[in-house]
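I opened the model to look up its domains and one helix pair. My notes follow.

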Amino acid sequence: MDFSLSEERKMLQETVARFFENNYKDIKKRGEYLKMTDGFSREFWKESSNLGVISGLVSPAFGGLGGSGEDICIIFELIGKSLCIEPFLSSGLLSNTILSSLNNPKTDLINQIIEGKLLMSFAHMEMNNRYEDHFVETKAKLEKETWKLNGSKSFVINGDSADKVIISARIEGKVNDKNGIGLFLVDNNNINNRPYNTIDGYRSTEMSFENINGELLCKDDQALECVIKTNSAGALALSAEAVGIMQICFDLTLDYLKTRKQFGKSIGTFQSIQHRMVDMMLEIEQVRSAVMLASSTFELNSTTRDKNVSAAKNLVGRVGKLIAEESIQLHGGIAMTWEYSVAHYAKRLIMIDHLMGDADYHRDRFKLLSSI
Amino acid sequence: MNFEYSKKDENFRIEVREWLRETLPHYLSEKVKKYQRLTKEDYELFMNNLSKKGWLAWHWPVEYGGTGWNAIEKHIFEEEIVKASAPRIVPFGVNMLGPVLIEFGSEEQKNYYLPRILNNEDWWAQGYSEPGAGSDLASLKTTAIDKGDHYLVNGQKTWTTLGHHADMIFCLVKTDLNVKPQLGISFLLIDMKSPGVEVKPIITLDGEHEVNEVWFTDVKVPKKNLVGKENEGWTYAKYLLTFERTGIAGVPNSKSALNHLKMVSRKSMKNGKPLIDDPIFSSEVAELEIDLLAMEIFNLRTVSAATEGKAPGMESSLLKIKGTLVRQKTTELLRKALGPQALPYLPEQFDEGWNEMPIGPEYAGPIAKQYFNMRKISIYGGSNEIQKNIVAKASFGL
């Protein structure tokens, strides 16, 4: 049994940590990135590529330098700590996971993403499919050996700036059939995009399309397993991101308790506040533990993988709410301001529960997978 | 990272499991499973077996008759004891007093008491809490007045677990009344057969007799029974309280309780269907299982750090808090699972050899009683509120 990181991974951690720290020194910088055309800094993304951060999310089998559950978690925990808004989730993880899971992996596209030359997004969510892997209304039909797609996709993170998009669409069957979906590669120029910012500082888009061409990547069982695996990878990454955010929320709150004086003494000397800080600390260790388990079992069979990811994401949802709300409450009024960073960490932490399955969704999936 | 047990650890687990299978009598594990009352002889049988095997003092240093196990092995040992439904090892002599004597006892005390603990010859009790000294332990009032060749002890201890079986008790007593509380305390070993010692049972809310009051009236205690130096007992007491406790989270107990909960909620019915099929109830079970899963890893992280010589500090306190909350939640859900079947209370059901028809399923009998009994775990050993004070003081720098 060994809970420490290997030397190689420690180095990855140190390099990426320094890089993020230098580029995301304060929350104003993030605000500037968000105001850019794409909602992030292309320059920073290019540097991430040069430094090998994107390839840290991809297995060596496809030209990357990492790609394991542990690698994903190291990088995303640091993303959480700096509240980084670059397209690591959409391009770096979700798209690469699909492209590498195909029978004929699209190694050329993966390499272009790693090199920072290509941006991609995974458009699976729809206005009414909540978090389901198989509930797909968008339609695909074959016309003269060409696949034509019709429908709309929602909440596609960084979808507006993507060059190519992977779209899940129903080939046959009813809207919630497990079978009958396919994944298609589409050129984003053919899609109508309505971009917007999310409340937690990301760029997202609503997509609509009529009779556009798509290249079939996979269908049926393979497509469903691909969606499930990709969503699990995303849920794992977001869980690790949440650990980073929780730690920062805790540290900022503790610092504040030491400096803020009321009734003639620092408010951290009050026992009612100290006990709540201990509750936060304890729950963060619980989440950290669950994420460690999920990351180290991510390469095992899909049942173990998904069960442990669901345990982690469920806990992230529950504890995330505690940490976000308590960080704001213990700070008091200052945490209500746009200017102060804790507000932005809290918003991201809460909205992580609205992505890739919330606490309820993952609790129910955990139930199924552990036959409760 | 690697969460697997090594081959060596797995072999050790098999060795412990095999030994328990061979030496633990069936009737005894059945009693434990059914929450029947254990007699003094039941505890002693198991502890004598451990003693013969050389495993009773499982966390003492080898030179004093300990096992030399590392933290992972200790953790495995604790897990297997619970899985086998063995009685718990009565901790007062071997787990609590032993390490204090090894660290602070005189040569004479070590030579006399340690082998007796190893051979399970004395039943020890703990004399810490008093009616007016619970969480604020240093405010204790029992006095030991220097009378030349002996101390004269007067006062009252309380919550003395299994004190009615005890031959000896280690006590915190006041030897100096004129200094601030922590500075005037001494650590004294008292023979329970001394004239002036009286044990009175306390019946707890579940109707059971496990804890006692111990009264001291002009009890003469020889000077050689003082551990370490006079008025420095508080240091020894704290050492005992913070002594390495890998099992503080009670993970094995909660795991076995969770399995029991699943069994009961499959058998309990709601609208003609198993309760476990009720989405709200099963959601509570699922989130409890997730909390336990996370705590198991948290505990293993702490255990694993301990094998590398990193003494668990505030982690022990955090694990104690979470461990008690998780355990109490299992007893709460078990109680809820029974519905009205939780109502009947037949104290005689927990006597050995009781063979009448239970009311409702046999497993229902102990559940409500156990729920009430388990309220104690977030109170004793430093209440959860005290644990939070400890963590805040140790790690917040406030």
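I take domain bounds from an automatic or database domain assignment. On that basis I split chain B into domain 1 (7-89), domain 2 (124-231) and domain 3 (251-395).

I am working on a predicted model, where local features need pLDDT of at least 70, side-chain atom pairs count only at pLDDT 80 or more, and totals for chains, interfaces and linings use all residues. I number residues from 1 along each chain as its sequence is written, and chains are lettered from A and ligands numbered from 1 in the order in which they are written.

I checked confidence next. Chain B averages a pLDDT (the predictor's confidence in each residue, from 0 to 100) of 93, and 98% of its residues score at least 70. I read ipTM 0.94 and pTM 0.94 for the model.

I then looked at domains 2 and 3 of chain B. Their C-alpha centres lie 32 Å apart. I find four residues of domain 2 of chain B in contact (C-beta atoms, placed from the backbone, within 7 Å) with six residues of domain 3 of chain B.

Last, I looked up helix 8 (residues 251-267) and helix 9 (residues 279-307) of chain B; helices are DSSP runs of H or I, at least four residues, numbered from the N terminus. They pack at about 160°, with axes 11 Å apart. Axes are lines fitted to C-alpha atoms over the stretch in contact, and angles run from 0 to 180 degrees between N-to-C directions. The two helices of chain B are therefore roughly antiparallel (over 145 degrees). Among the residues that meet, I note Leu258(B) and Leu261(B) in helix 8, and Leu288(B) and Leu292(B) in helix 9.

Key:
Two residues are in contact if their C-beta atoms, placed from the backbone, lie within 7 Å. Angles under 35 degrees count as roughly parallel, over 145 as roughly antiparallel, 65 to 115 as roughly perpendicular and the rest as oblique.
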